[in-house]
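Visitor: I would like a close look at one part of this model. Please take me through the sheet, strand by strand where you can, and then to the helices beside it.

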Amino acid sequence: MFKLIKSWLKSSLVTILLVIIFLGINTAGWTPSSNAALPSGNAITDGKALLRYALPIKNEPVRQLQASLEDISTQLRANRRWGAISKDLSKASRVLDKPSQILASVPEERQPQAQAWVEELKSGVAKLQELTQSKDKEQILQERNKLLNLVSLLEESMVKGFPFEVPADYSNLPQLKGRATLEFKTNKGNLTVVVDGYSAPVTAGNFVDLVQRGFYNGLEFTRSEESYVLQTGDPPGKEQGFIDPKTGKYRAIPLEILAEGDKAPTYGITLEDAGRYLDMPVLPFSSFGALAMARPESQVNGASSQVFFFLFEPELTPAGRNLLDGRYSVFGYVTEGKDVLDTLKAGDKIESATVTQGIENLVQPQAA
């Protein structure tokens with residue numbers, strides 16, 4: 001029922017290519033501009049970076065700071081371009097020299113902590129500038145990652161309330177009004193996942209609720225395809241989803257996709273069927289470890305408990321424009337344990353799943 005349509009993807013690839021040729025759109029023009037503040041250039045393949053850009057904030061200086069620090073790893077991969085890294089750090093330093101522009105987006109009650117993070121970032125950038133002189137690649141990456149974690153905290157502190165109203169049609173479902181961090185213990189190691197209610201509150205809320213219920217504890221991974229997907233969430237017995245004990249019915253979750261530039265998600269229709277062929281989701285399938293809802297092929301609103309981790313097959317799903325974007329709801333990313341994820345196969349088991357942060361953001365349906 002929940003089998004992903006890989007054969008369809010292969011045949012559709014030809015169709016998509018023909019459409020691209022017909023429209024005369026090259027790869028660079030295929031991704032539209034948006035209000036999501038995603039940088040131009042190559043697709044982002046880091047889940048943590050995608051989560052940062054998905055935050056509902058508008059502060060250009062902090063985005064410039066983020067982009068400069070993220071670019072360092074790109075330059076290190078490109079034959080260690082130390083001159084470009086120095087320029088990135090100079091840009092970051094200039095942004096931090098005007099802290100008032102960053103702090104202007106932080107609510108007053110969070111200002112003291114935000115100011116402390118800015119000071120840490122200043123000293124951290126100065127340390128990175130020194131490390132660049134010694135050209136210690138590993139230490140530079142470690143320090144960069146620490147600074148980006150601070151940037152994440154700083155950006156999260158800028159969020160002022162939940163950015164939109166979820167349609168009343170889904171008031172009977174749990175909703176995540178923010179973010180949550182989850183820890184999965186498997187027989188091969190641990191995974192840390194961050195789920196994003198700002199982009200997919202119903203999908204993420206359903207998942208966090210099921211984790212809280214212990215639904216995934218002891219479940220096996222039921223389907224794996226090397227370099228493609230790893231799926232779980234099929235409970236024992238004849239049922240293929242979650243049966244709500246209060247209603248005795250299958251809990252169905254709608255397809256939920258927030259497209260770049262939109263103020264709220266689109267529900268119950270793929271972007272393709274909505275005629276939005278050029279639009280990209282805020283949470284795309286461009287990162288190894290993207291977490292998405294599985295669903296019956298013909299039922300866009302038929303998801304329930306089965307989810308899949310995207311393992312990235314560039315031939316079928318190139319970063320930046322692939323055939324899964326806009327067809328399935330991505331609602332989070334693996335942020336730690338990608339090496340473990342890469343080893344998991346069908347038959348491996350989730351020993352336990354727990355919410356380690358953000359449970360206060362889970363909003364349960366109000367009793368009728």
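Guide: Start with one pair of strands. In this predicted model, strand β5 (residues 229-232) pairs with strand β11 (residues 307-310) in the antiparallel sense, over four bridges. Val229 stands opposite Phe310 in β11. Phe310 is also the bridge partner of Ala290. That leads to the next strand. β10 and β11 pair over four bridges, again in the antiparallel sense.

Stay with β10, residues 290-293. Ala290 and Ala292 point one way from the strand, while Leu291 and Met293 point the other way. In a regular strand, side chains alternate between the two faces of the sheet. All four residues, Ala290, Leu291, Ala292 and Met293, are buried. β10 also pairs with β12, over three antiparallel bridges. There, Leu291 stands opposite Gly332 of β12.

Now step back to the whole sheet. It is open, has eight strands and pairs them in the antiparallel sense. The order is β4-β5-β11-β10-β12-β3-β2-β13. The edges are β4 (221-225) and β13 (350-357). Each has a single partner strand, so one side of each is left without a neighbour in the sheet. On average, neighbouring strands are turned by 25° against each other, direction ignored.

A helix lies across part of this sheet. α3 crosses β2 (179-186), β3 (189-196) and β12 (330-336). Against β12, α3 runs at about 135°.

α3 (residues 47-54) also packs with a helix, α4 (residues 60-77). Their axes are 11 Å apart, at an angle of about 170°. The two helices are therefore roughly antiparallel to each other. From α3, Ala49, Arg52 and Tyr53 make the contact. From α4, the residues are Arg63, Gln66, Ala67 and Glu70. Three residues of this contact are nonpolar, one is polar and three are charged.

α3 and α4 also help to cover another helix, α8. The cover of its buried residues includes α5 (82-96), α6 (99-103) and α7 (111-134) as well. α8 has 20 residues, 137-156. At 1.5 Å a residue, α8 should span 28 Å, and its end C-alpha atoms are 28 Å apart, which agrees. Its buried residues include Ile140, Leu147, Leu148, Val151 and Leu154. Charged residues Glu143, Arg144 and Glu155 are buried too. An α-helix has 3.6 residues a turn, so residues three or four places apart point the same way. Ile140, Glu143, Leu147 and Leu150 are among the buried residues to look at with that in mind.

Methods. Residues numbered from 1 in each chain as written. Predicted model: local features only at pLDDT ≥ 70, side-chain atom pairs only at ≥ 80, totals over all residues. Heavy atoms only, no water. Axes fitted to C-alpha atoms, helices over the stretch in contact; angles between N-to-C directions. Parallel < 35°, antiparallel > 145°, perpendicular 65-115°, else oblique. Contact = heavy atoms within 4.5 Å. Pairing = 2+ DSSP bridges. Expected span 1.5 Å × (residues − 1). Buried < 20%, exposed > 50% of the residue type's maximum accessible area, 1.4 Å probe, protein only.
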